[in-house]
Amino acid sequence: MSLIERLQDRNLHLSLGLLICLLVALLLSVAQGSDGLSRRILDRQFNLLHEHAARPLVQDVVVVGIDEASLRKFQEPLALWHPHLERFLRAMQVAEPAVVGVDVELPQHSYEALLPGYEDGLIQALRQLREHSPVVLARKPNPDGSLRTLLASLVEDDATAASVALCVDPDGVVRRFDPNRCTVNAQGSTFTERVVAQLGVIHPGTGLIDFSAGGKLDFIPFDSVLEWQARDDKARLRAAFSGKLVLLGLLSAREGLVNVPVPLAVHTPILKQVPEVLVQAQILRSMMGGGLVQETSAWLGLCLAFAAALFWLGRTSWGKLLTLGVLPVLLGLLATWLLARGIYLPSGGILLSALFAFSARFIYDAVQQMRARSNLRALFDSYVSHKVLQKIVRGRIETPDTVTRIRVCLLYARIRGFNDRMQGEQAQAAVALLNEYLEEMTLAIHQCSGTLDRLVGSDLLAFFGAPLAVDSPERSALEAAQAMLLRLREMNRRLQERGWESIAMVIALHVGEVVVGHVGPPSRRGYTALGDEVGVVMALAASMESAEHAVICSAGVAEAVGAKTGFGDCGERDVLGRRLHVYSWQPPLLERR
């Protein structure tokens, strides 16, 4: 097999296509080219679970929010809220929560020189609260990623202050808790890790924040807590906070908002931009509940992507398209079911692998179909009419590659004495005359749905009934013979005007079974008829060339149309050792003109 034939081998194409689809699946999985789609799908899954199947919590986070109302009530800058924070801490002493997380901007420097004794109450209240409940303070990140320092007198030890830096995905949305992805990596444990450690959850690990844990987060206003403390409403304080995880934070847009996958706040039920403290609260929910969501093994995702690449196999069909359409639904249901159980299955790479494989196979099949149509067009362009050719190309007429046996009516035509004429005229003029004649005859044959088989000198062979099936091949052949003679008469008029000798022709028709199909090497194939009947019609034309009849046919042709108008009985003839009853035929239209 030559190199060109190897490159054209269909099995090689299919193997290379499958290899390419597998490589694309590998790249989508390893190079994280599908992460964007996976994240969007994950957000939809979290929204679905958050709205309709939120996982209940044994212990929720109680958020105390410093909202706009609180900020308007207390006029001092937050950096000078020492008295208000002291009162909050006094309230927590009464309530005795399980742990208190303070996620607000705390003083970095002492104001003792400017306001002597101003910070003593805050420091004392914090120390007294630590005797009853653990307290974890937040260290806010600077723009360069470093952490801000806190007033030394507020920090008891390294376990009492930690970073609240959040890890943001490339699209600007917080979905993960993974200190290794943030600048906090070399700066100890995070705020949430320190908080849950006080509740006995050691090393919560890394993973996705479970946004399906609990419903939307509500908060208790900061100024309400201070009012309860001012009224010494111990019952109210203990009912709200006793034995619970309390998180104090700023719920104002002044602090800046964080993008999350779901609307997380009760007070903004449709917004996916929430204060940072609510994200910390959701991280705590995840750690205290079923744990952070863990991603499936990379090998499992790769195997599923490889399986999706198998969409390359098999021809493109409606069933395959339907399967591709159902795949996202089934995969989405599976991934959502797993997510509800704390397992994240990235779907983007799987879906993109399936889409690429399907699209690649669709394009390949389309190109092959175009090539097949082009081949059909090349094969039949000179054999059938343009109308029939379009039907063949569009698949409305079956043209199998394998040959088939079929009943057709054969037409063989030749110019009487053309060889003698060739010797008497110049070669260029004779060829021009022959080309004009053959063009006219071909048009007549195509006009009657015939197929031109071959041209040999001035002789031509055509057949009717393949590839286009007709009601009566014999009638179509007779109509073609009539059209050929009418065109010949018009051509002879033009020849006479030029001063050239007229042309006479004989047309023989014969009906029978022949083998029809594509014959020849790939570089020179032809759609032709084979069999004894072809030899019979050729011999019939040769035997009647000296006769005066323009059209002759075997008895099968005459009987098929009723042998009525224009037929003449010529008796039996010996044709290739076969006795044939032969008829002549005078076309009716030829007599009228």
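In what order do the six strands of the open sheet with parallel pairing stand? The order is S4-S3-S2-S8-S1-S7. The structure is a predicted model, and the chain of 593 residues has 48% of them buried. Its secondary structure amounts to 20 helices and 20 strands. The briefing below treats the chain as a whole, then the sheet, two selected residues, the nonpolar cores and the S16 and S17 pair.

**Chain as a whole**

- The accessible surface comes to about 29000 Å², and carbon and sulfur atoms account for 55% of that surface.
- Of the contacts between residues at least 6 apart in sequence, 75% link residues that are at least 24 apart.

**The six-stranded open sheet**

- Strand S4 (161-163) and strand S7 (220-221) are the edge strands, and each of them pairs on one side only.
- Strand S8 has S2 and S1 as its neighbours in the strand order.
- S8 and S1 are parallel and pair over six bridges, with Val63 having Leu247 of S8 as its bridge partner.
- S2 also runs parallel to S8, and five bridges join these two strands; here Val100 has Val246 of S8 as its bridge partner.
- At the S4 end of the order, strand S3 (residues 135-139) pairs with S4 in the parallel sense over three bridges, and Ala138 is matched with Ala162 in S4.

**Burial of S8**

- Six of the six residues of S8 are buried, and the strand is mostly covered.
- In a regular strand, side chains alternate between the two faces of the sheet.
- On one side of S8, Leu245, Leu247 and Gly249 are buried, and on the other side Val246, Leu248 and Leu250 are buried, so both faces of the strand are covered.

**Helices lying across the sheet**

- Helix H6 (residues 120-130) lies across strand S2 (99-103) and S3, and it runs at about 130° to S3.
- Helix H9 (residues 234-241) lies across strand S1 (61-66), S7 and strand S8 (245-250), and its angle to S1 is about 120°.

**Lys140, in the loop between S3 and S4**

- Lys140 is located in the loop that lies between S3 and S4.
- Lys140 has 6% relative accessibility and therefore counts as buried, the cut-off being under 20%.
- The side chain of Lys140 makes polar contacts with two acidic residues named here: with the side chain of Asp103 at 2.8 Å and with that of Glu276 at 3.1 Å.
- Beyond four places in sequence, Lys140 touches Asp103, Val104, Glu105, Ser146, Leu147, Arg148, Val164, Glu255 and Glu276.

**Thr192, in helix H7**

- Thr192 belongs to helix H7 (residues 191-197).
- Thr192 counts as buried because its relative accessibility is 1%, which falls under the 20% cut-off.
- The side chain of Thr192 forms a polar contact of 3.3 Å with the side chain of Thr190.
- With neighbours within four places in sequence set aside, Thr192 is in contact with Phe177, Gln280, Ile283, Leu284 and Met287.

**Nonpolar cores**

- The largest nonpolar core has 44 residues, and the members that touch the most other members are Leu411, Tyr437, Leu460, Met484, Met505, Ile507 and Leu509.
- Elements that give two or more residues to this core include the helices H16 (427-447), H17 (473-498) and H19 (555-560). Strands that do so include S13 (404-415), S15 (459-464), S16 (505-519), S18 (551-554) and S20 (578-585).
- H17 supplies the largest share of this core, with eleven residues.
- Ile507, with neighbours within four places in sequence left aside, is in contact with Leu411, Tyr412, Ala413, Ala481, Met484, Leu485, Ala550, Val551 and Ile552.
- A second core, separate from the first, has 40 residues, among them Leu49, Leu208, Leu247 and Leu284.

**The S16 and S17 pair**

- S16 and S17 are antiparallel and pair over five bridges, and Val515 stands opposite Leu530 in S17.
- Strand S17 (residues 526-530) is largely enclosed by the rest of the structure, because four of its five residues are buried.

Conventions:
Residues numbered from 1 in each chain as written. Predicted model: local features only at pLDDT ≥ 70, side-chain atom pairs only at ≥ 80, totals over all residues. Heavy atoms only, no water. Core = buried A, V, L, I, M, F, W, Y, C linked by side-chain atoms within 4.5 Å. Buried < 20%, exposed > 50% of the residue type's maximum accessible area, 1.4 Å probe, protein only. Contact = heavy atoms within 4.5 Å. Pairing = 2+ DSSP bridges. Axes fitted to C-alpha atoms, helices over the stretch in contact; angles between N-to-C directions. Polar contact = N/O pair within 3.5 Å; in protein donor to acceptor, adjacent residues only side chain to side chain. Areas by Shrake-Rupley, 256 points an atom, 1.4 Å probe, with all protein chains shown as cover.
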